[in-house]
Amino acid sequence: MPILQIKNLVKSYKEAGGVLEGVSLDVERGEVVVILGPSGCGKSTLLRCVNGLESIQGGEIYLDGELISNRVKDMHLIRQRIGMVFQSYDLFPNMTVLQNVLLGPIKAQKRDKAQVAEQAKKLLERVGLLDKINSYPKELSGGQKQRVAIVRALCMNPEVLLFDEVTAALDPEMVREVLDVMMDLAKEGRTMLIVTHQLEFARAVADRIVFIDQGVIVEEAAPEQFFTAPKTERAKNFLDAFKFEKRVNYAEGI
């Protein structure tokens, strides 16, 4: 059984109308699925629905065979099993790195502080931030803040990790350090859904590419197939646009 099952998911807003129109997606345990698509196509909304941050108007979401969609009263428990990392970090400015990481496991999961602190230190060392354990967010670079956010999610021991454009707010030189951490997580068999515009990273990390446009899945394929021989005209146009943008940026020295 897939660890995550999304069946005929419908999400709409009164003002904007439909955002997701019957999306169905299975994610296997240990699989890395990268979701691509143009801005406004519903990629981030899909992750937010999975994590319970958005209500849905139709369809069902299952985690390890258990129905989790629209279970408002239990959502705090479900979010402990589905970790999410945002592009905005969302670290508490008045807390140190260690305090930010410990808050969820201790308050939400009622775990032993000493045991969680030991886990946190190992994870911070792994991402090269053990020396920042007593620093405050204002003392960190964007890349360091994002790595702390990833450690915070990992410390909850989630079954699935969601990454929503986690490098979008970073300077180019900081992107690499965050992507390296995510690559390591993929290599150790973490189940991940990743929304990104970093196409080279997507090609390297994904087991499967899911391309969304106008609220529906247009194409699913292995990375090499998607990037070298996409089946749909819409996916071809999407990739061509990125190739053109890359050439323009190179010509302008960006």
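Which helices and strands each supply at least two residues of the lining of the second largest pocket? I took this as the opening entry, noting that the model is predicted.

**Entry 1: the second largest pocket**

I looked up the elements around this pocket and found α2 (75-81), β6 (82-85), α3 (97-107) and α5, each of which supplies at least two lining residues. I recorded a volume of about 500 Å³ for the second largest pocket. Its lining has 19 residues, and the closest to the pocket centre are Arg79, Met84, Gly104, Arg152 and Met156. Sorted by class, the lining of the second largest pocket holds 10 nonpolar, six polar and three charged residues.

**Entry 2: two arginines of α5**

I then turned to Arg152, which lies in helix α5. Setting aside neighbours within four places in sequence, I found Arg152 in contact with Tyr89, Asp90, Leu91, Asn100 and Val101. I also checked Arg152 against Glu60, which is 92 residues away along the chain; their C-alpha atoms are separated by 28 Å.

Arg147 also lies in helix α5. Is Arg147 buried or exposed? I noted a relative accessible area of 10% for Arg147; the limit for burial is 20%, so Arg147 is buried. With neighbours within four places in sequence left aside, Arg147 is in contact with Val127, Gly128, Leu129, Glu177, Val178 and Val181.

**Entry 3: helix α6**

Does the length of α6 agree or disagree with the expected span? I took the 16 residues of α6 (residues 172-187) at 1.5 Å a residue, which should span 22 Å; the end C-alpha atoms are 23 Å apart, so the two agree.

I listed the buried residues of α6 as Met174, Val175, Val178, Leu179, Val181, Met182, Met183, Leu185 and Ala186. I found that the buried residues of α6 pack against β3 (32-36), α4 (113-126), α5 (142-154), β7 (160-164), β8 (192-195) and α7 (199-205). After α6 comes Gly189, and I read its phi as positive, near 90°.

**Entry 4: nonpolar cores**

In soluble globular proteins, nonpolar side chains tend to be buried together. I therefore looked up the largest nonpolar core, which has 54 residues; Leu36, Ile150, Phe163, Met182, Ile194 and Phe226 have the most contacts inside it. Nine residues of this core come from α6, the largest share. Apart from this core I noted another, of 30 residues, among them Ile6, Val27, Ile56 and Ile78.

I examined Leu36 further. Beyond its neighbours within four places in sequence, Leu36 is in contact with residues including Lys43, Thr196, Leu199, Ala202, Ile209, Phe226 and Phe238.

**Entry 5: positive phi outside glycine**

Most residues other than glycine have a negative phi. I looked up two residues against this background.

Tyr89 has a positive phi, near 70°, and lies in the loop between β6 and α3. Its relative accessibility is 15%, so I entered Tyr89 as buried. I recall from Entry 2 that Tyr89 is in contact with Arg152.

Lys110 also has a positive phi, near 55°, and lies in the loop between α3 and α4. Is Lys110 buried or exposed? I noted a relative accessible area of 67%, so Lys110 is exposed.

Definitions and conventions
Residues are numbered from 1 along each chain as its sequence is written. This is a predicted model: local features need pLDDT of at least 70, side-chain atom pairs count only at pLDDT 80 or more; totals for chains, interfaces and linings use all residues. Side-chain values use heavy atoms; hydrogens and water are left out. Helices (H or I, at least four residues) and strands (E, at least two) are DSSP runs, numbered from the N terminus. The expected span of a helix is 1.5 Å times one less than its number of residues. Buried means under 20% relative accessible area, exposed over 50%, partly exposed in between (1.4 Å probe, protein chains only). Contact means heavy atoms within 4.5 Å. On a 1 Å grid over the protein atoms alone, a cavity is a set of points where a 1.4 Å probe fits but cannot get out, and a pocket is an open set with protein on both sides within 12 Å along at least five of seven lines; lining residues have an atom within 4 Å of a point. Grid points are joined across faces, edges and corners, and a volume is the space filled by probe spheres set on the points. Ala, Val, Leu, Ile, Met, Phe, Trp, Tyr, Cys and Pro count as nonpolar, Asp, Glu, Lys and Arg as charged, and the others, Gly among them, as polar. A nonpolar core is a set of buried Ala, Val, Leu, Ile, Met, Phe, Trp, Tyr and Cys residues joined through side-chain atoms within 4.5 Å.
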